[in-house]
Amino acid sequence: MGSFCYHTFPASSHLLVSDFSQGFKSPKLPYLSKQQERWFSRSQGASKVFAYYGLRAPPYKLDALEPYMSRRTLEKHWGGHHWNYVEGLNKQLEKNEVLYGCTMDELVKVTYNNGNPLPEFNNAAQVWNHDFFWDSMQPGGGDMPKLGVLQQIEKDFGSFTNFREKFVESALTLFGSGWVWLVLKREERRLAVIKTSNAVCPLVWDDIPIISLDMWEHAYYLDYKNDRGKYVNVFMNHLVSWNVATGRMARAEAFVNLGEPKIPIA
Amino acid sequence: MALRSVLTRKTTLGLGLRGIQTFSLPDLPYDYGALEPAISGEIMQLHHHKHHQAYITNYNKALEQLEGALAKGDTTSIVKLQSAIKFNGGGHINHSIFWKNLTPVREGGGEPPHSSLGWAIDTNFGSLEALVQKINSEGAALQGSGWVWFGLDKESKKLVVETTANQDPLVTKGQHLVPLLGIDVWEHAYYLQYKNVRPDYLKNIWKVINWKYASEVYDKESK
């Protein structure tokens, strides 16, 4: 991952793309949610170390999702919107001693403030949401989940087709900007499809998201204009990463007893 | 209200107790490309012909379902339909106002308001620049989808700048509020041209804002 000095970070998203495109010959990059920076205080000559959030790149090249999600969309969406959220968040954290130093998950829950969100919530949650979203997709995605995930979906929705219908319907009936999620609900110990507005994500209710779909217009407008139905179907058919979903379910089982420990997840 | 006669075309269908009013897409008073370069023809066409039309179609559908539910006394459905009516009906109201808020440069787009509205703006905000600045900053700060409004409070006679979320009409922020100008800050209103730089869209839209219309509404409603 490229490291960059906070104060001289280039505003151009084009530079961002070239910065990160080098590393994609190797398999999935390790998760680095904080970048260590050195910032020298000129007046005192002492060195201060601040850790800030960095813009984590999607685990694929920006054109890897073509023709279903164009390079242009990824450049604008990841390099523009997602980057703005990261920058905005860092600026807010700079001034906030209480919140500085939280992990991303903690930050989202704390700033949600039980429904009365703090100003940092929008940026924090959107950074988290977009990281999660890029990971929820892969080149050559779509198709069907396998093994334990499929069994759990069939158990909680009746059939994969039912689940898919419900997911698509939720996406298309979402008013305004928001996200659609497949979540594992902790209390009820079952999967569910939920939709959230703007920046809200299921972490705030302590549920475990498995996959997400960005239904903000900027996510699909360049590629599909107002044809949301096409976008959602393309996501389900060609983009959604059931591999990642499987990994997430496996991790979730450490926290939620789904009651059937014999299911081979992975 | 004058607006309502433009928005509705009453047709009675079916054997219901009430006739269903079917709403239809109002014509744009200018060509799709007439607002260039502030707003591209591509956006205008999609915005009017696809988005606004979709709100109207879904509004009509929701009203039809409402009529059925009312006839049966099905309270659950009546209540459930409210969000669809608010969203799609609101979308219809808001966009109908929006098309009138814009006009090509050659027909006076961008010309600042004079007489009573001009004075009222100076009194309430100090100057037109200050008002534009306020509207732009509130519009840029709006998270997600919504509208930024410049309106008149009929009761207090004050001019206000407000934002609403999604397709909520201005009246949801205050029952006495009358919209003079509304700017759509949903991403579909600017994304193809301005991408994620909403502030640029807000800066440029003033070149095609129809202050004459806003003045007319102000004069009528402030009596």
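User: Why is the contact between B:Glu42 and A:Lys225 called a salt bridge?
Analyst: In this predicted model, the side chains of B:Glu42 and A:Lys225 come to 3.8 Å, N to O. The cut-off is a Lys or Arg side-chain nitrogen within 4 Å of a carboxyl oxygen of Asp or Glu. The value of 3.8 Å for this pair meets the cut-off, so the name applies.

User: How many salt bridges, and how many polar contacts, join chain A and chain B?
Analyst: The count is 1 salt bridge. Polar contact is found for 8 residue pairs, both residues at pLDDT 80 or more. On the side of chain A that touches chain B, the elements giving two or more residues are helix H2 (71–94) and helix H7 (221–224) of chain A. H2(A) gives the largest share, 5 residues.

User: What makes this an interface, and how is its size stated?
Analyst: Contact means heavy atoms within 4.5 Å. By that test, 17 residues of chain A touch 18 residues of chain B. Size is often given as the accessible area lost when the parts come together. Here chain A and chain B bury about 1800 Å² between them. Carbon and sulfur atoms carry 57% of it.

User: Which three residues supply more of the area that chain A buries against chain B than any other three?
Analyst: They are A:Phe175, A:Glu217 and A:Tyr221. Together they supply 36% of the area on the chain A side.

User: What makes S3 and S5 of chain A paired strands?
Analyst: Pairing needs at least two bridges. Strand S3 (residues 178–185) of chain A and S5(A) are joined by 6 bridges and run antiparallel. The 6 bridges satisfy the rule, so S3(A) and S5(A) count as paired. One bridge sets A:Leu184 against A:Ile208 in S5(A).

User: What is the strand order in that sheet of chain A, and which strands are at the edges?
Analyst: The order is S4-S3-S5 (chain A), an open sheet of 3 strands with antiparallel pairing. Strand S4 (190–197) and strand S5 (208–214) of chain A are the edges, each pairing on one side only. Neighbouring strands are turned by 20 degrees against each other on average, direction ignored. Helix H5 (residues 147–157) of chain A lies across S3 and S4 of chain A. H5(A) runs at about 80 degrees to S4(A).

User: Why are S4 and S5 of chain B called edge strands?
Analyst: The sheet in chain B is also described as open, with 3 strands in the order S4-S3-S5 and antiparallel pairing. S4 and strand S5 (177–184) of chain B each have a single partner strand, so one side of each lacks a neighbour in the sheet. The twist averages 25 degrees from one strand to the next. Helix H9 (residues 211–221) of chain B packs on this sheet, touching S3, S4 and S5 of chain B. The direction of H9(B) makes about 165 degrees with that of S5(B).

User: How do you know that S3 and S4 of chain B pair?
Analyst: Strand S3 (residues 146–153) and strand S4 (residues 158–165) of chain B share 8 antiparallel bridges. At least two are required, so the pairing holds. B:Trp149 stands opposite B:Glu162 in S4(B). B:Trp147 has B:Thr164 as its bridge partner. The two strands form a hairpin with 4 residues between them. In the turn, B:Lys157 has a positive phi of about 65 degrees.

User: What makes A:Pro67, B:Pro37 and A:Asn113 stand out?
Analyst: Most residues other than glycine have a negative phi, and most peptide bonds are trans. The bond from A:Glu66 to A:Pro67 is cis, with omega near -5 degrees. A:Pro67 sits in the loop between strand S2 (47–53) and H2 of chain A. The bond from B:Glu36 to B:Pro37 is also cis, with omega near -10 degrees. B:Pro37 lies in the loop between strand S2 (22–23) and helix H2 (41–72) of chain B. A:Asn113 has a positive phi of about 55 degrees and is not a glycine. A:Asn113 is in the loop between helix H3 (104–112) and helix H4 (119–135) of chain A.

User: Where does UniProt place the domain in chain A and in chain B?
Analyst: Unreviewed UniProt entries list "domain: Manganese/iron superoxide dismutase C-terminal" at residues 149–246 of chain A and at residues 115–216 of chain B. The chain A span is 44% helix and 23% strand, with end C-alpha atoms 6 Å apart. The chain B span is 42% helix and 24% strand, with end C-alpha atoms 11 Å apart.

Conventions
Residues numbered from 1 in each chain as written. Chains lettered and ligands numbered in written order. Predicted model: local features only at pLDDT ≥ 70, side-chain atom pairs only at ≥ 80, totals over all residues. Heavy atoms only, no water. Axes fitted to C-alpha atoms, helices over the stretch in contact; angles between N-to-C directions. UniProt positions renumbered as here; feature names shortened; annotations may be inferred. Buried area = accessible area lost by both parts, 1.4 Å probe. Polar contact = N/O pair within 3.5 Å; in protein donor to acceptor, adjacent residues only side chain to side chain.
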